[in-house]
Amino acid sequence: MALARFKALNVDSSEDSEGDEENPAITREALEEKAAAQYRDILVLQRNKKWKEAEAEFKELLNSDVLNRVSGTVNYVSGRIQPSLIHLKYCLLVNLGHVLIETGQIKEALDSYLQAIELDDRDLNLWYRIGQTAIKIPNLNLAAYALQEALQCNENHWPSLDTLITVLYASGNYMSCLYHIAEGLKLDADFFKGIAFCQKIFKEHPSYERDFPLYYPECKLDDTVLTRDIRSEVDETSLDKLIEEADQLRSKHVAQTRCKQNDEYKLETFRPEAPLPKKCWVAVGRTLLQIYARLKEEYPKASFLRLIDLGEEAKDEKEEDKEEKKTDYDWYDADDDDNSDDEVAKLTEGGVTGNNEPGGVDGSAAAAEEGVNGAVRASKRRRSSPSLLDQWMYSSKRRSARVRSTACGRRGDEPSLARSLRQLLPEYLWPSREAAQWALASGGGGGDESMDTMDLYRLFETKDNVSEQMPASNVLSYNERTKLIKEEKYFNTDKEVEDVNHFIKENNLVNILTLITSYVKTMAQKWDLHWSPALIAIYIKVYKLVRQHYPEACQSEPLDAASAAAVLLYGELLLDRWLANGKQRATPSPLSGSLFGGDFSSLSFGNLAYVCANECQDDAEFV
């Protein structure tokens, strides 16, 4: 069976030899020689001024497999170029640029030159050609860069120096222009063009005569340059022509730059995926947060400062849908604020029934008990994982099977880590939550676990759990807040819809930063109204975005009255929310952190004090 795997030698050799004869191997040298021969043929077309044919042949050879895969730069050996495919590609790109200039394709020629310079950046003549081509577009920034690179290759290259002075003068870079004029005067004391430009700069901008020696101490312009009457030595027409050409080049450059900015940097319009579900401030704020998140996600592929189009009308709603839909002050989303205590306020409010109907004084005790138990259950669900000290405390509640005997009735005989800790610590260092339990355990008294003892323990435990989540006494309950909002007759009324429409009309087709800034300033004017928890949470989120882009430490000008009102309202809402539930949860205060950190920077106090002293002296409510 093993012999079946072998074949005759003459069969394999004959098949291989026939395959080699049919498909002979093409070496790399052969491909290079073929490409070089094609290049020489194209040069003949170029010498005969057959521009279209030469352009097509150049592009075809550059896109061939031989040259398309070539990468790297031209190598020099002992100061001489080493022939290679990379150098051949470089020559093709340079000559293609020459042909494109002859056919009037200036931008395409410049692109071809720039591709060639990436292969060999030592070519002085190519840098000079790039500068000359960039002037024709005109792109004075690229022209100045290319001509400066040419001078790096040879600092005495007069055509590059002469052209660079004109480009720098046209672009308004007078300080660099004066420097190169000084370099030109070192090479030629009768450099009349440089003298003419120098005198014109000093005449129009006298400060340069004083500041130039400070920037370039090694370059000194003699007083004879400033006082020399070159118009008596050279024809005035030729000097005026040089300055006029530079001024025309400047005008073309400015016009080209403006057109480029309008074409390439024109801001597009961003329309939200869905219109406002209803005309209310909660919907506007929530939509702004969604737009901000979407723009941030798409940046930098798309501009972050696109114009926002909010002009689309809200969807028409049926009358029966309007009745069933929640009102503005009850329209709350869990994503608005994770730390809101509104739901707890609903449960812990006295006399709240299962369907959120106020029971009043005559409400059922079962409903009230259900509300309290619901709050306790909610607090237990939100409790964090037990700490190491809590685990030690809980270990005292576990009884070991070795001591669980009827003869051993004393709790003190139970070995536990909590009992050891209780014996080591003095009473004034005991945790407040476990003080009652530890006091009972330390009292000994045998194994009498009477009903009174257990009731006392449950009382302390329930008191601690409920007090952790109970809102502050100055926090309005859900029903109280709703009643006040209804009595004020603003939210969920035609007045709010009118204000929202006015806000959209005045702030339509602006960027997102302008929108969120206008939103917080507008809402700050409504500080004297009772807000829903959703609106409070949204305002805080939107203002944090404003503060992120306009931090207090970077404000060079004092705040205006509207911005100061927004800052003051933001601080009041933060403080109110922290006093309501954050303080009891050991949450850091809004002023915690460094001078510039925290939710509320301490620099804002100085800004508010300045506004109070200068702009809002007559506003007693603001002060």
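## Helix packing exercises on a predicted model

**Exercise 1.** Work out how helix α15 and helix α25 sit against each other.

*Solution.* Start with the axes: those of α15 (residues 281–298) and α25 (residues 512–524) come within 11 Å and cross at roughly 155°. Axes here are lines fitted to C-alpha atoms, for helices over the stretch in contact, with angles from 0 to 180 degrees between N-to-C directions. The helices themselves are DSSP runs (H or I, at least four residues; strands are E, at least two), numbered from the N terminus.

Next, turn the angle into a word. Under 35 degrees counts as roughly parallel, over 145 as roughly antiparallel, 65 to 115 as roughly perpendicular and the rest as oblique. So α15 and α25 are roughly antiparallel to each other.

Then get the handedness: α15 passes α25 in a left-handed crossing. That label applies if the near helix is turned anticlockwise from the far one by less than a right angle; clockwise would be right-handed.

Last, list who touches whom, with contact meaning heavy atoms within 4.5 Å. From α15 come Trp281, Val284, Gly285, Leu288, Ile291, Tyr292 and Leu295, and from α25 come Ile512, Leu515, Ile516, Tyr519, Thr522 and Met523. Sorted by class, this contact has 11 nonpolar, 2 polar and no charged residues. (Ala, Val, Leu, Ile, Met, Phe, Trp, Tyr, Cys and Pro count as nonpolar, Asp, Glu, Lys and Arg as charged, and the others, Gly among them, as polar.)

**A word on ground rules.** This is a predicted model, where local features need pLDDT of at least 70, side-chain atom pairs count only at pLDDT 80 or more, and totals for chains, interfaces and linings use all residues. Residues are numbered from 1 along each chain as its sequence is written, and side-chain values use heavy atoms, leaving out hydrogens and water.

**Exercise 2.** Give helix α9 two partners, α10 and α7, and describe each packing.

*Solution.* Take α10 to begin with. Helix α9 (residues 158–171) packs on α10 (residues 174–187) at about 150°, axes 9 Å apart. That makes the pair roughly antiparallel, and the crossing is left-handed. Trp158, Leu161, Leu164, Ile165, Leu168 and Tyr169 of α9 meet Tyr174, Ser176, Cys177, His180, Ile181, Glu183, Gly184 and Leu187 of α10. The tally is 10 nonpolar, 3 polar and 1 charged.

Now α7. Its angle to α9 is about 30°, with the axes 11 Å apart, so α7 and α9 are roughly parallel. Here too α7 passes α9 in a left-handed crossing. Tyr128, Gln132 and Ile135 of α7 touch Pro159, Ser160, Thr163 and Val167 of α9, giving 4 nonpolar, 3 polar and no charged residues.

**Exercise 3.** Find the backbone oddities at Pro138 and Lys49.

*Solution.* Check omega for the proline: the peptide bond from Ile137 to Pro138 is cis, with omega near -5°. Pro138 lies in the loop between α7 (124–136) and α8 (140–153). Then check phi for the lysine: Lys49 has a positive value of about 60° although it is not a glycine. Its loop runs between α2 (28–47) and α3 (51–62).

**Exercise 4.** Which residues have pLDDT under 50?

*Solution.* pLDDT is the predictor's confidence in each residue, from 0 to 100. The chain averages 74, and 62% of the residues score at least 70. Residues 338–389 stay under 50, with 51 contacts beyond four places in sequence; residues 466–473 also stay under 50, with 16 such contacts. Where pLDDT is low, the predicted coordinates should not be read in detail.
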